[in-house]
Amino acid sequence: MKINEPQLFLEINDLKFVFLVIKYNENFDFNILDSTIVDSKGVLDGKIIDLETSSKIIKQNLNTIEKKIDYTFKKITIINTQSDYNCINVSGFKKLRGSQISSEDISYILNDIKKLVTDTEIQKTPVHLFNSKFILDNKILKTMPIGLHGEFYNQNQTLFLVSKNDLKNLKLVLNKCDIDIERVVLRSFVEGIYQIKKNDLKENFIFIFFENSQIKISVFDNLALIYS
């Protein structure tokens with residue numbers, strides 16, 4: 001997260017392109033510098049289906065926003081609204097035999113899990129990875145126990161994956177607008193974080209959103225999205 005520098009977000013859905021520019025301060029509070037909503041075209045179920053049409057609309061509005069705030073963006077965060085993503089929960093572990101848990105141990109577990117998932121889901125790619133539970137010698141902890149001694153450590157991970165081709169098409173659209181994707185964020189995660197901050201939630205919870213054509217269920221565990 002960059003401080004005191006404009007950051008650009010774009011939600012892509014079937015009806016609208018929603019642009020949002022914010023700036024964080026040292027306390028991680030933010031100000032909205034610009035908000036623009038326009039009709040979208042070339043999108044179906046949150047996916048790009050018409051490269052030229054959608055990129056033209058995005059580029060025109062991006063140029064307008066940059067002139068308005070006098071800033072040129074190189075990176076963008078995409079709020080993904082497509083519904084056909086995969087949600088996979090996996091547990092990785094390490095036998096400690098009384099040794100300390102190091103950051104290298106955590107990295108090894110994460111990389112091992114990611115490799116396992118990507119080797120299995122060859123047509124998908126992870127866009128979100130959440131650490132949902134840390135367990136040291138059968139005790140559930142709130143944070144990573146780096147530096148602690150133990151016998152056995154396991155860690156629960158949740159990965160959300162989308163089609164590699166869908167992500168490639170999204171990158172093509174943004175590249176035609178002379179901007180690169182920094183992150184892809186699921187809308188269900190954004191909605192959940194908004195409710196967490198709005199209601200000061202601390203425990204595990206489930207959000208149920210009723211919309212015109214669907215019901216969305218999002219499950220949070222230790223403030224991490226573990227199912228949607």
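Which residues are linked with Glu11 in a network of salt bridges? Select Arg187, Glu191 and Lys216 along with Glu11, and you have the network on screen. Keep in mind as you click around that this is a predicted model.

**Stop 1: helix H2**

Now select residues 103-120. This is helix H2, with 18 residues, and it reaches 26 Å from its first C-alpha to its last, close to the 26 Å expected at 1.5 Å a residue. Next, colour Asp105, Ile106, Ile109, Leu110, Ile113 and Val117, the buried residues of H2. Turn the view until you look down the helix axis: these buried residues fall within an arc of 135 degrees, so they line one face of H2.

What covers them? Show strand E7 (86-95), strand E8 (124-136) and strand E10 (152-163), which are among the parts covering the buried residues of H2. Then spin round to the face turned away from the buried side, where you'll find the exposed residues Glu104, Tyr108, Asn111 and Lys115.

**Stop 2: from H2 across to E7**

Stay with Asp105 and add Lys94. Their side chains meet in a salt bridge, 3.8 Å from N to O. Lys94 sits in strand E7 and Asp105 in helix H2, so this pair ties together parts that are eleven residues apart in sequence. Buried or exposed: which is Asp105? Its relative accessibility is 13%, so Asp105 counts as buried. Lys94, at 29%, counts as partly exposed.

**Stop 3: two longer links**

The structure holds twelve salt bridges, so there are others to look at. Pick Lys47 and Asp84, whose side chains meet at 2.6 Å, N to O. Lys47 is in strand E5 (residues 47-48), while Asp84 is in the loop between strand E6 (75-80) and E7; the two are 37 residues apart. Asp84 is partly exposed, with a relative accessible area of 33%.

Then jump to Lys133 and Asp221, another salt bridge, at 3.5 Å from N to O. Here strand E8 holds Lys133 and strand E13 (residues 215-221) holds Asp221, 88 residues apart. Lys133 counts as partly exposed at 22% relative accessibility, whereas Asp221 counts as buried at 13%.

**Stop 4: helix H3**

Last, select residues 164-175, the twelve residues of helix H3. Its end C-alpha atoms are 16 Å apart, which agrees with the span expected at 1.5 Å a residue. Colour the buried residues Asp166, Leu167, Leu170, Val173 and Leu174. They cover an arc of only 115 degrees around the axis, which puts them on the same side of H3. Finally, zoom in on the start of H3: a side-chain oxygen of Ser163 comes to within 3.2 Å of the backbone nitrogen of Asn165.

Key: Residues numbered from 1 in each chain as written. Predicted model: local features only at pLDDT ≥ 70, side-chain atom pairs only at ≥ 80, totals over all residues. Heavy atoms only, no water. Helix = DSSP H or I, 4+ residues; strand = E, 2+ residues; numbered from the N terminus. Expected span 1.5 Å × (residues − 1). Buried < 20%, exposed > 50% of the residue type's maximum accessible area, 1.4 Å probe, protein only. Arc of directions from axis to C-beta. Contact = heavy atoms within 4.5 Å. Polar contact = N/O pair within 3.5 Å; in protein donor to acceptor, adjacent residues only side chain to side chain. Salt bridge = Lys/Arg side-chain N within 4 Å of Asp/Glu carboxyl O.
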